[in-house]
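Dear colleague,

I am passing on the structure below, and would be glad if you could look it over alongside the notes that follow.

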Amino acid sequence: MKVYCLSEDPNKPCFVIKLKSVTIMLDCGLSAHSVLNFLPLYPIPDWKPNKAAAWIPKNFSDPQIEGELNECMTNQVLVNSAPEFMTPLTKLVDFADIDVILVSNYMTMLALPFITENTGFKGVVYMTEPTLHIGKLFLEELVDFVEQSPKPNVAKYWKEILHLLPPPLCNSFKPHTWKQLYSLAQVNSSLTRVQMISYDQKIEITGALTVTAVSSGYCLGSSNWVIYLESKKLVYVSNTSTLTTHPRPMDQVNLKNADLMLLSSLTQAPAANPDSMLGELCLSVAVTLRNNGSVLIPCYPSGVVYDLFECLSSHLDSTALGQIPMYFISPVAHSSLEYSNILAEWLSQSKQNKVYFPEEPFPHAQLVKSGRLKHFKHVYTDDLWNDLRQPCVVFCGHPSLRFGDVVHFVEYWGTNPQNTIIFTEPEFPYLEALAPFQPLSMKAMHCPIDTSMNFTQANKMIKDLKPAVLILPECYAIPPAGFGHKNEFVIDQVDRKVLTIKRGEVISEKLDIKTVNVPFTTEMVVSVTLNELQSGLKASKFTAVLDTKDNKYKLDILRDDLLANKTTEPYLLETLFKKTYEWGQLDIDRFLRALTNEGVSDPKIEHNTHGYTIHLKSEDTLIQVDDKSTHIFCEKMDKNWRLKLRSIVMECLNSF
């Protein structure tokens, strides 16, 4: 088996595994960290605050660079162009060879159009129903954010002079591989390749192996994957949570005792406890609202935002601030709120129970009905500004602050020190996200909420699941930057074989499959008669045809059409109807006597550590005999001599 790593960020994973002539892609995450190197796209046309001046390197006069770079008030240089994204590596694996893509959750499918469109991809994409529908919302929102403020020019030349640029731009990781975002047409085309599956449903892949999705507990419909190959079991663990939130809990039973485990997507905020961060957020929101300020929370259109609606509304009720309105602004806000309430089978038990009362599983349904939570498509719609009442709490995207409705609110509220922006998504360093908006008077808070497993939980889970071999991103084996002395921020497993992998690497691991299941046909079962050889042991002789098709094996009875084939060799017919079956080790003395009886007068025997080597010089033949096998090397182009040798060997074995 070979494992390929196509992604730089373990939280935007993309792996490819090749085994038994099948090529499987595990997730296709899209890293958006690269967009922090670009100027923000303002959602309202012709409204672009002039906070960045044109910039070119000192003593550099090439006109090609003009207009491509701007310098912010913080002296950070950003690219003036449509944002570009870090896609999975395209040259390590030919996407046309991929048989199947297994998607773990809607956050790890955002590079799907880059994989399936215009690449020759002919495979199938498997994911759960919530992953498909919510992932579609994420894809549509991302395209809408970028396309609503198109950039007339595409900056390219800056990539040729990285060595002349200031940090962090000069440290950009392979910007030549970055790509502009796909179109909505490409999104829709890629999603036509998706087949929805349920938890615990067994999916057969080309007859060679079976895959099953099991709940990972991270978000609605999120999955870990179990791959069965003959007697071997492989598991892929991605974005898994043991916390009690709104999704169905993690299924650990199906992950136990795997021959190999591939691990990715642990917490991006290892030092931050999600419950503590949520408490700080609620407290900060209440303090800001009491001081007559408004709160801006950059967010994605699904996931943690559902829990924020629930916890924050409850906290505001308890602090006599229940009259404060909350606004959810996204081109897919309505669809997200509506869809989340019809996914009972994918929710935790407590959420499912509410459906049978009947009662909406999420409180945001009641918040919408009461008017406390209002949703709008865009910041520039008249309905929003006719309704907007401050102080308030606004949820909108994108968390990078480089595109989307949040860009307008940062500019709109940024001059008021009473307002607060709270970052909950750990993916983007908040100071880098705010850089192009400086100077900024509004307060900024960092409360990263990541419900994925931390390293302590992951180490415990691995010990409980007991995989024989563990493959993990290289960065998980060393403490993260700033935590060099903290061993609790690494995966430490001394009881099993551990392999690390990084972007662009390929590792091989031998699965050592020793047995293959070969079922009998019904006719074959009926034809077999068992004879008792001794107490408790029965055996049978039978002749059968081994049928191989689509990586499946089957034993069937010998039919007349095979016997009627005139091309059937005599020795094959002899084998089909033989009455004895050989076993055991070759009797070397008996073999030498048989050779002499056949007129071979010069057999030369040599003993070695594994058995014997017999050289028949006159027949140009070499025979190697060891405890488990016999190999005959015959240069003599005489078919009858080869068959005679075969007969002699068979006669010198035990038989029944």
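**The sheet and the largest pocket**

Seven strands (DSSP runs of E, at least two residues, numbered from the N terminus) form an open sheet of mixed pairing, in the order β11-β9-β8-β3-β2-β1-β25, where two strands pair if DSSP finds at least two bridges between them. Because β11 (194-197) and β25 (506-508) stand at the edges with a single partner strand each, one side of each is left without a neighbour in the sheet. Neighbouring strands of this sheet are turned by 25 degrees against each other on average, direction ignored, with axes fitted as lines to C-alpha atoms.

This is a predicted model, in which local features need pLDDT of at least 70 and side-chain atom pairs count only at pLDDT 80 or more, while totals for chains, interfaces and linings use all residues. Residues are numbered from 1 along each chain as its sequence is written, and side-chain values use heavy atoms, leaving out hydrogens and water.

Strands β2 (residues 15-19) and β3 (residues 22-26) run antiparallel and are joined by five bridges; Lys18 has Thr23 in β3 as its bridge partner.

The largest pocket (on a 1 Å grid over the protein atoms alone, an open set of points where a 1.4 Å probe fits, with protein on both sides within 12 Å along at least five of seven lines) is lined by 37 residues, those with an atom within 4 Å of a point, and Asp9, Pro10, His33, Gln268 and Glu427 lie nearest its centre.

With kind regards

How values were computed:
Helices (H or I, at least four residues) and strands (E, at least two) are DSSP runs, numbered from the N terminus. Axes are lines fitted to C-alpha atoms, for helices over the stretch in contact, and angles run from 0 to 180 degrees between N-to-C directions.
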